Amino acid sequence: MKILFATSEAVPLVKTGGLADVSGALPLALRREGADVRLLMPGYRSVLTGAGDGWETVADLALPPFPPARLLATTLPGGLPLLAIECPPLFDREGGLYQRRAGEDWPDNDIRFGLLSRVAALLAQESSPLGWRPDLLHCNDWQTGLAPAFLAASGGGAPTLLTIHNLAFQGIFQTGTLARVGLPWDLYRVDGVEYYGNISFLKAGIQFATRLTTVSPTYAREIQSEPLGFGLQGLLAWRSRDLTGILNGIDEQTWDPARDPHLPRRYDATSLPRKEASKRALQVALGLDADPKAPLLGAVSRLTHQKGLDLLIACIEPLLESGLQLAVLGSGEPELESAFTGLAQRYPGRAGVRLGFDEAFSHLVEAGADFFVMPSRFEPCGLNQMYSQRYGTPVVARTTGGLADSITDAGAGPGTVPDATGFLFRDPTPEALAEALDRAVGAFAHRRVWRRMQRAGMARDFSWDAAARTYLELYRSLV
Ligand code: ADP
Ligand code: GLC
């Protein structure tokens with residue numbers, strides 16, 4: 001089974017969020033199951049330099065109206081073949097992947113990801129310049145959403161699967177984009193790429209892909225109605241027979257407290273007292289009181305409306321006053337950043353914040369916190385709740401998407417649910433979150449109950465293998 005996996009980000013080369021984690025790990029898991037998977041990505045500077053100097057030129061790409069480009073190939077250290085689109089005017093620049101700076105998208109994102117989609121489609125067709133034709137093209141999110149539309153516009157090719165990682169980002173552009181990416185006007189229709197008078201890359205993918213998946217069973221249901229359908233609920237409900245939710249796995253090599261190089265002391269389920277060294281290191285790093293008994297709540301997140309951390313801001317102060325400590329690593333919306341900075345200033349020794357993106361520190365937060373918070377308004381899958389459970393750090397989270405599918409709630413009283421791994425709440429309100437946090441603090445005081453929860457989380461199987469097998473079955477059903 002030959003799979004072309006097209007994505008706009010992948011660890012270890014370039015990452016803004018969970019899509020990168022998935023794109024770095026799922027193809028490897030598929031290869032372990034015997035599939036021949038190749039990754040296709042834009043040749044950002046960090047990709048071209050980060051993947052070493054074994055690059056070979058595979059083809060010159062003359063795909064007007066796009067600027068001339070080259071298709072390069074190499075193999076990543078884990079053995080994964082990587083194809084990159086080298087096109088310096090589009091991909092070789094300072095700044096973010098999608099944004100010039102916070103809140104300001106690159107004005108040519110339609111061309112940049114139009115080209116990614118166009119090349120993905122080309123490689124899935126007879127006319128591919130590559131001596132390797134995939135049996136299936138696996139697209140991810142809006143950045144590759146136009147690929148199925150390009151295939152539809154040019155007589156087809158390999159079947160396509162589109163995985164929706166986040167419906168809140170849709171890749172919406174003005175109609176001028178059709179000409180900018182070379183799509184014919186006859187696709188500008190309600191059952192095409194048209195979306196309320198604009199062009200939507202994600203809608204194009206949902207409309208034209210052979211099959212659709214999203215990253216948890218609960219999210220697959222949630223997006224078929226308001227509000228989480230974000231305007232596409234009708235189309236998704238119409239395609240519901242072709243839509244499946246497959247829960248992401250995690251990279252169990254990278255996220256393993258027994259092997260993690262970012263921790264002062266490694267630990268596993270049989271040596272949980274060693275986890276305290278991480279707690280101390282985290283307290284020191286953020287200027288928190290070095291009190292081993294104080295319950296320490298951690299968060300690692302993009303700071304956006306989706307993640308609901310404003311709910312935490314709204315309810316945390318009484319808890320801080322009664323002795324809770326808070327450790328936050330995040331970056332994003334300026335108002336949320338300054339709300340957390342303000343909290344840290346008002347509660348020195350109790351609340352600590354590190355702004356920015358810091359992979360190593362995120363591991364320390366997972367290990368050093370006693371419990372972890374994810375009050376997401378929606379969460380297609382979410383990875384941190386799985387990392388947390390693996391690190392013996394029970395999770396306080398909203399019952400939505402992948403959070404609902406990967407956490408077992410502790411119920412009302414400490415110890416009532418034997419295999420509990422966290423504390424879930426339903427309403428996206430500060431009151432509901434506060435109630436769940438109270439339950440967590442209460443359970444933390446019961447050492448035996450707490451240890452059992454930690455071990456239940458650590459015993460969970462969040463490996464990619466099961467998900468990879470499900471994807472393979474799906475691929476086979478399409479080929
Ligand atoms: P999303 O993709 O919506 O941001 P996920 O939970 O799927 O949510 O994935 C987020 C990923 O990004 C996780 O690997 C998380 O650890 C990481 N992450 C988020 N914010 C930061 C940060 N400030 N520093 C380091 N890693 C971060
Ligand atoms: C998106 C979602 C997140 C999911 C990730 C990987 O970024 O917001 O919930 O875990 O994609 O699928």
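Reader: Let's start with Cys381. Is it buried or exposed?
Author: Buried: Cys381 has a relative accessible area of 2%. Keep in mind that this is a predicted model.

Reader: Ok. Where's the closest cysteine sulfur to the one in Cys381?
Author: It's in Cys139, 20 Å from the sulfur of Cys381, so that pair is too far apart for a bond.

Reader: How many disulfides does the structure hold, then?
Author: Zero.

Reader: And Cys315, buried or exposed?
Author: Cys315 is buried as well, as its relative accessible area is 8%.

Reader: Switching to ligands. Which residues come nearest to ligand 2?
Author: There are 13 residues around ligand 2, and the nearest are His165, Asn248, Glu379, Cys381 and Gly382. So our buried Cys381 turns up there too.

Reader: Which polar atoms sit by the ligand 2 oxygens?
Author: From side chains, His165 places a polar atom 2.7 Å from an oxygen of ligand 2, and Glu379 has an N or O atom 2.5 Å from a ligand 2 oxygen. Gly382 uses its backbone instead, with an N or O atom 2.8 Å from an oxygen of the ligand.

Reader: How much of ligand 2 does the protein cover?
Author: 93% of the 310 Å² of accessible area that ligand 2 has on its own.

Reader: Which helix gives the most to that shell?
Author: Helix H1, residues 18-32, which supplies three residues to the shell around ligand 2. By class, that shell splits into five nonpolar, six polar and two charged residues.

Reader: Now ligand 1. What comes nearest there?
Author: Lys15, Gly18, Arg302, Lys307 and Gly356, out of 21 residues around ligand 1.

Reader: What distances do you get for side chains to its oxygens?
Author: For Lys15, a polar side-chain atom is 2.9 Å from a ligand 1 oxygen. Arg302 has a side-chain N or O atom at 2.7 Å from an oxygen of ligand 1, while for Asp21 the distance from a polar side-chain atom to a ligand 1 oxygen is 3.4 Å.

Reader: And how much of ligand 1 gets buried?
Author: The protein buries 94% of the 560 Å² that ligand 1 exposes when taken alone.

Reader: Which elements give two or more residues to its shell?
Author: H1, strands S15 (296-303) and S16 (325-332), plus helices H13 (359-368) and H14 (384-390). S15 gives the most, with three residues.

Reader: What's the class breakdown for the ligand 1 shell?
Author: Five nonpolar, nine polar and seven charged residues.

Definitions and conventions
Residues numbered from 1 in each chain as written. Chains lettered and ligands numbered in written order. Predicted model: local features only at pLDDT ≥ 70, side-chain atom pairs only at ≥ 80, totals over all residues. Heavy atoms only, no water. Near = heavy atom within 4 Å. Polar contact = N/O pair within 3.5 Å; in protein donor to acceptor, adjacent residues only side chain to side chain. Areas by Shrake-Rupley, 256 points an atom, 1.4 Å probe, with all protein chains shown as cover. Helix = DSSP H or I, 4+ residues; strand = E, 2+ residues; numbered from the N terminus. Nonpolar A, V, L, I, M, F, W, Y, C, P; charged D, E, K, R; others polar. Disulfide = S-S within 2.5 Å. Buried < 20%, exposed > 50% of the residue type's maximum accessible area, 1.4 Å probe, protein only.
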